[in-house]
Amino acid sequence: YAFKAITNAGITAVAVRGKDSVVVVTQKKVPDKLLDPSTVTHLFHLTPAIGCVMTGLIGATTDARAQVSRIRMEAAEWRYKYGYDIPIHMLAKRVANINQVYTQHAAMRPLGVSARHQPRILVATAVVAAAAALLLSDFQGFRSAAVTRLASLVPIVSSPPPPPSSPLLKTTEQLVEASASEQLSTAMAASAILKRGRISVPAPFETQSPFLFCVYHKDMFPPGNEKMEAPKRGNGADFNPAAPYRMYHGDRIPGFPQHPHRGFETFTCTMEGTVDHTDSLGCAGRYGQGDAQWMTAGSGIVHGEMFPLVNQDKNNTLRLFQIWLNLPKKSKMVPAAQVMHWAEEIPHHVTPDGKVDVTIWAGEVEGKRALAPNPNSWAADPENDVTVLLLTMKPGGSFTLPPARSGSLRSLYVVEGPERASSVRVAGEALSTMSFVTLREGAAEVAVEHAGGEGEAEAMVLLLQGRPIPEPVKQYGPFVMNTEQEIMQAFADYRRTQFGGWPWDEDAVVFPRTKGRFLTVRGVTQYPPGAKPVDA
């Protein structure tokens with residue numbers, strides 16, 4: 001009976017992606033008279049924001065439901081591990097990889113799931129960073145993942161009307177593949193750009209080694225009360241991309257209460273807002289408004305990062321990047337350390353016309369070198385070419401990135417900019433706001449331009465560049481090592497030692513409203529240049 005259900009005729013679906021919504025229409029075929037028609041569906045919820053329609057040669061109660069159950073489990077596991085809903089492109093890619101395994105390994109398939117008739121899965125979400133997404137996933141692993149990435153950049157029905165001799169109705173697969181073909185010929189032809197895609201807030205960006213993770217926090221926090229609290233209570237895992245601000249893992253004060261790390265570095269680069277830091281070594285600090293904290297987790301540290309709403313009479317806007325930089329095997333177990341780069345000391349390069357301001361968080365630009373990282377950092381060796389730049393560009397501004405060292409990998413992320421999609425150009429290719437490109441290895445100088453007109457919004461472009469670490473990476477949540485055994489040892493060590501224990505009375509520590517910016521390490525307190533200590 002299961003095999004009979006599997007081999008029934010395919011399901012046709014038509015999907016249209018709008019600016020902030022997706023409409024999917026699908027047939028409702030009842031594959032067998034023994035089935036209750038009211039139980040048959042090919043539309044399923046996967047997460048609160050993502051749904052799918054199951055198409056192809058599938059049965060209503062076999063392949064479809066087995067696949068949906070597995071996808072829901074993958075989405076739930078992602079939220080449990082990382083604290084926010086899985087991005088749609090990651091879910092579609094994961095589905096493709098799983099179906100590829102099912103195709104090749106019969107013993108791993110659920111009962112009644114056919115290898116030859118694996119379903120195609122059309123994954124749709126209502127809102128992803130104020131723009132809808134519509135992706136296709138199937139068993140043809142890499143090709144499917146490539147189509148998914150390209151299809152997410154263009155409306156799925158953006159191709160011109162068919163000629164009179166062609167069918168008036170194309171299948172979803174044909175529409176997606178046509179869009180992908182157009183994108184390949186226009187956006188990725190022989191240029192400095194290797195790949196392009198979309199990003200969203202607050203989801204992690206796609207990064208390249210030596211970078212493990214990058215996220216842009218942009219929260220329009222309202223005025224705080226006398227306790228620096230927000231007007232709402234967090235739910236313990238508030239990463240809602242549609243909200244004006246998020247509480248993250250905080251209760252009444254947003255942020256990230258104590259949590260462990262091992263085997264890599266966190267580099268927190270702020271533009272606006274306030275961050276209160278505490279850790280298991282007894283170190284503490286308050287920073288923001290352009291400061292950058294470079295912390296080497298090394299053998300292990302527990303720290304908290306809270307965002308107190310210090311302003312009672314105005315909004316508490318927060319904008320920062322948190323970047324995870326991997327450590328090579330030889331440095332993964334070094335003692336934890338941190339250094340603060342105060343905004344007043346961070347070098348900038350401004351173009352002669354004053355239209356581009358380059359913040360140099362790491363690396364070198366026009367003879368200006370960034371402040372030194374921790375000594376065991378991968379960035380401490382100039383040969384590793386680690387460069388982190390933020391380009392703030394006015395309309396008409398342009399900046400040419402110098403050539404990277406041989407073997408270095410480069411990614412550019414447009415995190416702010418005009419609504420008009422063609423205003424920012426990288427190597428001559430138009431990029432929309434909240435998109436990224438990876439550059440070809442060996443690309444020489446690359447021009448970045450703000451081609452918008454007077455009165456348009458400034459653009460902000462982040463560059464991550466560096467020589468990859470040629471070692472295996474094993475990551476599980478907050479631990480990044482080289483082998484599974486080392487990950488297991490990290491958990492065992494954390495359970496046994498708590499990486500030094502938590503010396504603070506609260507899991508989520510914040511300092512008094514009137515306390516200024518400072519950093520205390522091993523009992524020694526430092527302040528920004530020219531700042532007067534405020535110890536309230």
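Of the 536 residues in the protein, 53% are buried. The model is a predicted one. Its secondary structure consists of 6 helices and 32 strands. Contacts between residues at least 6 apart in sequence were also examined; 71% of them join residues at least 24 apart. The exposed surface of the protein comes to about 23,400 Å². Carbon and sulfur atoms supply 56% of that area.

The nonpolar interior was considered next. The largest nonpolar core holds 32 residues. Within this core, the residues with the most contacts are L46, C52, V68, L91, F221 and F307. Helices and strands both contribute. At least two core residues come from each of β4 (50-55), α2 (63-82), α3 (88-104), β15 (316-326) and β31 (518-521). The top contributor is α2, with 4 residues. A second core is separate from this one and has 30 residues. Among its members are I323, A379, M434 and F436.

Enclosed space was then mapped. Rolling a probe the size of a water molecule over the atoms reveals where empty space remains. With a cut-off of 30 Å³ or more, the count is 2 cavities.

The largest cavity contains about 50 Å³ of space. Its lining is formed by D279, L281, C283, M295, T296, I301, A336, A337, Q338, V521 and R522. Two or more of these lining residues come from β13 (292-296), and likewise from β16 (337-341). By class, the lining of the largest cavity comprises 7 nonpolar, 2 polar and 2 charged residues. The charged class covers Asp and Arg, so D279 and R522 fall into it.

The second largest cavity contains about 40 Å³. T207, Q208, S209, F211, L409, R410, S411, Y413, L464, Q465 and G466 line this space. Two strands, β23 (409-416) and β28 (459-466), each provide at least two residues of the lining. The largest share comes from β23, with 4 residues. The lining of the second largest cavity divides into 4 nonpolar, 6 polar and 1 charged residue. Gly counts as polar under this scheme, so G466 belongs to the polar group.

The two linings can be set side by side. For the largest cavity, the classes are 7 nonpolar, 2 polar and 2 charged. For the second largest cavity, they are 4 nonpolar, 6 polar and 1 charged.

Definitions and conventions:
Residues are numbered from 1 along each chain as its sequence is written. This is a predicted model: local features need pLDDT of at least 70, side-chain atom pairs count only at pLDDT 80 or more; totals for chains, interfaces and linings use all residues. Side-chain values use heavy atoms; hydrogens and water are left out. On a 1 Å grid over the protein atoms alone, a cavity is a set of points where a 1.4 Å probe fits but cannot get out, and a pocket is an open set with protein on both sides within 12 Å along at least five of seven lines; lining residues have an atom within 4 Å of a point. Grid points are joined across faces, edges and corners, and a volume is the space filled by probe spheres set on the points. A nonpolar core is a set of buried Ala, Val, Leu, Ile, Met, Phe, Trp, Tyr and Cys residues joined through side-chain atoms within 4.5 Å. Buried means under 20% relative accessible area, exposed over 50%, partly exposed in between (1.4 Å probe, protein chains only). Contact means heavy atoms within 4.5 Å. Accessible areas come from the Shrake-Rupley method with a 1.4 Å probe; for residues, only the protein chains shown count as cover.
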